[in-house]
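Biologist: I would like to learn how to read a protein model feature by feature. Please give me the general idea each time, and then the case at hand.

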Amino acid sequence: MQQPQPSIRTAPLRERVAARAGSCPLLLFLLLGLWVAEVPVRAKPSTVTSAQWFEIQHVQPRPQRCNTAMGKVNKYTKHCKPFNTFLHQSFSSVAATCQTRSIACKKGQRNCHQSKEPVSLSTCELTSRKYPGCKYKEKRQVASYIAACDPPEKGDSRKFKLVPVHLDKIL
């Protein structure tokens, strides 16, 4: 049995509805892609404070190779961080830097503090972007640094009036 031909008035409407329905998954995919692109690469995991995240990302009293050290950082974000610096000193030593006089940060905030003297550090630069097997090139140096510091959050030690929350610059 043959189906009747759609009327001229309904055919374009059916085609438009079908086209919209067929494009919804694509539209949803594109919108999702835009939303994901807006999530900051350096977003702090919600399970740690800003100072704890600083310690995970930047404090390494006993130097490790970049591939090992960055594996610990990357497991929190589930992607390969393109560049990172590790300060080879204790968290207490970095927190002591927060007690020096405030200076302007790169973006103009006034909560930055410069280390009193150069410290040993490692920079890790991503060479292979395949999570979880991220690979890094390592460079060791001795340099001063500038860190942004804020009052401790709930969950941080109250040992310090200010704690490091962002590594602003290596000098």
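Modeller: We will go through disulfides, a sheet and aromatic pairs, in a model that is predicted.

Biologist: Let us begin with the cysteines. How many disulfides does the structure hold?

Modeller: A disulfide is called when two cysteine sulfur atoms lie within 2.5 Å. The structure holds 4 of them. Counting bonded cysteines along the chain, the pattern is 1-6, 2-7, 3-8, 4-5.

Biologist: Take one of them. Which cysteine does cysteine 66 form a disulfide with?

Modeller: The partner is cysteine 124, with the two sulfur atoms 2.0 Å apart. This pair links distant parts of the chain: cysteine 66 belongs to helix α3 (residues 66-77) and cysteine 124 to strand β3 (residues 119-128), 58 residues apart. Both cysteine 66 and cysteine 124 are buried.

Biologist: And is the link of cysteine 66 and cysteine 124 left-handed or right-handed?

Modeller: The sense is read from the rotation about the S-S bond. For cysteine 66 and cysteine 124 it is -80 degrees, and the link is left-handed.

Biologist: What does cysteine 98 join to?

Modeller: Cysteine 98 is joined by a disulfide to cysteine 149, S to S 2.0 Å. Cysteine 98 sits in the loop between α4 (91-97) and β2 (112-114), and cysteine 149 in strand β5 (residues 145-150), so the pair ties together parts 51 residues apart in sequence. The torsion about their S-S bond is about -75 degrees, so this disulfide is left-handed.

Biologist: Why does cysteine 149 count as buried?

Modeller: The cut-off for buried is under 20% relative accessible area. Cysteine 149 counts as buried because its relative accessibility is 3%. Cysteine 98 is buried too, at 1%.

Biologist: Why is the disulfide of cysteine 105 and cysteine 112 called right-handed or left-handed?

Modeller: Again the torsion decides. About the S-S bond of cysteine 105 and cysteine 112 it is about 110 degrees, so the disulfide is right-handed. The sulfur atoms of cysteine 105 and cysteine 112 are 2.0 Å apart. Cysteine 105 is buried with a relative accessible area of 8%, and cysteine 112 is buried at 0%.

Biologist: Now the sheet. What should I look for?

Modeller: Strands of a sheet pair through backbone hydrogen bonds, either parallel or antiparallel. Here 3 strands form an open sheet in the order β1-β3-β4, and the pairing is antiparallel. The edge strands are β1 and β4 (135-143), each pairing on one side only. From one strand to the next, the twist averages 20 degrees.

Biologist: Over how many bridges do β1 and β3 pair?

Modeller: β1 and β3 pair in the antiparallel sense over 5 bridges. As an example, phenylalanine 83 has glutamate 125 in β3 as its bridge partner.

Biologist: Which strands does α3 lie across?

Modeller: Helix α3 lies across β1, β3 and β4, and runs at about 105 degrees to β4.

Biologist: Pick one residue of the sheet. Is threonine 85 buried or exposed?

Modeller: Threonine 85, in strand β1 (residues 83-87), is buried, with a relative accessible area of 6%. Leaving out residues up to four places away in sequence, threonine 85 touches Gln57, His58, Leu121, Ser122, Thr123, Leu167 and Ile170.

Biologist: Last, the rings. How is an aromatic pair read?

Modeller: A pair of aromatic rings is described by the distance of the centres and the angle of the planes. The whole structure has 2 such pairs. One of them is formed by tryptophan 53 and tyrosine 76, which are edge-to-face, 5.6 Å centre to centre with 70 degrees between the planes. Tryptophan 53 is in helix α2 (residues 50-58) and tyrosine 76 in helix α3, 23 residues apart. Tryptophan 53 is buried at 5% relative accessible area, whereas tyrosine 76 is partly exposed at 34%.

Biologist: What kind of pair do phenylalanine 91 and phenylalanine 160 form?

Modeller: Phenylalanine 91 and phenylalanine 160 are also edge-to-face, with centres 6.2 Å apart and planes at 70 degrees. Phenylalanine 91 lies in helix α4 and phenylalanine 160 in the loop between β5 and β6 (163-170), so the pair ties together parts 69 residues apart in sequence. Phenylalanine 91 is buried, at 16% relative accessible area, and phenylalanine 160 is buried at 15%.

Notes: Residues numbered from 1 in each chain as written. Predicted model: local features only at pLDDT ≥ 70, side-chain atom pairs only at ≥ 80, totals over all residues. Heavy atoms only, no water. Helix = DSSP H or I, 4+ residues; strand = E, 2+ residues; numbered from the N terminus. Buried < 20%, exposed > 50% of the residue type's maximum accessible area, 1.4 Å probe, protein only. Contact = heavy atoms within 4.5 Å. Pairing = 2+ DSSP bridges. Axes fitted to C-alpha atoms, helices over the stretch in contact; angles between N-to-C directions. Phe/Tyr/Trp six-rings, centres within 6.5 Å; stacked < 30°, edge-to-face > 60°.
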